[in-house]
Structure formats: C-alpha cells, structure tokens
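Let's take a friendly walk through a pair of packed helices and what surrounds them. Please have the model open as you read.

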Amino acid sequence: MAVSTETVMAIKTYQNQAEALVKNYLLADPFIPYTSVLGGIFACKVAYDLTQLISTFYIKAYNGLTKIQRIEWNNRGMSTIHAIFITAMSLYFVFWSDLFSDQRHTGLVTLRSSQLSIVGLGVSIGYFFVDFGMIFLYYPTLGGKEYVNLLLPSFVI
C-alpha cells in the first residue's frame, strides 16, 4: 500500500513535535516528573494504609477476611482513590483550565501540557508502579494470569 509524500511528511511533523514536547517540557526540569512519581508511590502507601485503618473500624466484615482478601480489599481502595484523583484532575482540565481551549492555543491538543498535567501523569505512573508491584508480589493470588497477560506476551506465561 503506497503512502503519499504528504502523509509521510505529516507523520514526521507530528513525531518531531512529540519529541520536542518530551525534550522541552517533560524532561526540561526533571524535578517535577520524578518528584511526582515518588509522590504517587507515597500516596499509594498512604491510601493503602488509610483503607486498612478505616476498614478495620467501619466495615464489620473486614476483620473476617483472610490475609490475601484484606490485601486485595486495600489494593482496591488504593485504586479507587487513584480513580477519584484522576477524575478530579480531568474535570479540572476539561471545565476550568484553559489548557484545552482553542481560543488561547494553537496546534494539536495532544501536544499541550502544563506543570499540573505533568504532576498528574507522574502520580499515575507512581500508582502504576505500585499496582504492578503488588500484582507481581502476590501473583497468582492477587490478579492472577489475566493481569499478567496484559503486561507480558501470552506465549511467556
């Protein structure tokens, strides 16, 4: 299938803009991305511990759960708190921030970022590290083969 020169040039332009975004914005000041990833990992630990603490006192069935069921319960609490955080960030960017407004910016929406969006990305990456770590630490009890199939090719498992 032949691709026109115009299409190839458009793809190259998009790639160059994406590379410039990563180089000039995400990696220009590595303090914010790295700190937000560490902050995301720390926030996951706090959310996990808070889920355990609150569940111990307010959920009657929690004390009757086995150890692995408690771990899964706490992990789901951590995931729920992350989902609420990301939802709040998304709502802010869509409804209140001018980051995605066409009146103030030109160019592709996917190439726009702000310090706050970088922090949100870093916190999510920290959450993903913790979640993947929990899956591998407690495999196959927590998650099971279905979770690992998402991360590794099926022929490995």
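The paragraphs below start with one helix and then turn to its neighbours. Keep in mind that this is a predicted model.

A good place to begin is helix H3, which covers residues 67-96. H3 has 30 residues, and from its first C-alpha to its last it reaches 43 Å, close to the 44 Å expected at 1.5 Å a residue. Which residues of H3 are buried? They are Ile71, Asn74, Asn75, Gly77, Met78, His82, Met89 and Phe93. The cover over these buried residues includes H2 and H4, so let's visit both.

Take H4 first, at residues 115-137. Two packed helices are described by the angle between their axes and by the distance between those axes. For H3 and H4 the angle is about 165°, and the axes lie 11 Å apart. Because angles over 145 degrees count as roughly antiparallel, H3 and H4 are roughly antiparallel to each other. The crossing of H3 past H4 is left-handed.

Now look at the side of H3 that meets H4: Ile71, Met78, His82, Met89 and Phe93 are among the H3 residues there, and their partners in H4 include Leu116, Gly120, Val123, Tyr127 and Met134. Sorted by class, this contact has 12 nonpolar, 6 polar and 1 charged residues.

Finally, turn to H2, residues 31-58, where you will find Thr51. Is Thr51 buried or exposed? Its relative accessibility is 12%, so Thr51 counts as buried. Beyond its neighbours within four places in sequence, Thr51 is in contact with Trp73, Asn74, Gly77, Met78 and Ile81. Of these partners, Asn74, Gly77 and Met78 also appear among the buried residues of H3.

Terms used:
Residues are numbered from 1 along each chain as its sequence is written. This is a predicted model: local features need pLDDT of at least 70, side-chain atom pairs count only at pLDDT 80 or more; totals for chains, interfaces and linings use all residues. Side-chain values use heavy atoms; hydrogens and water are left out. Axes are lines fitted to C-alpha atoms, for helices over the stretch in contact, and angles run from 0 to 180 degrees between N-to-C directions. Helices (H or I, at least four residues) and strands (E, at least two) are DSSP runs, numbered from the N terminus. Angles under 35 degrees count as roughly parallel, over 145 as roughly antiparallel, 65 to 115 as roughly perpendicular and the rest as oblique. A crossing is left-handed if the near helix is turned anticlockwise from the far one by less than a right angle, and right-handed if clockwise. Contact means heavy atoms within 4.5 Å. Ala, Val, Leu, Ile, Met, Phe, Trp, Tyr, Cys and Pro count as nonpolar, Asp, Glu, Lys and Arg as charged, and the others, Gly among them, as polar. Buried means under 20% relative accessible area, exposed over 50%, partly exposed in between (1.4 Å probe, protein chains only). The expected span of a helix is 1.5 Å times one less than its number of residues.
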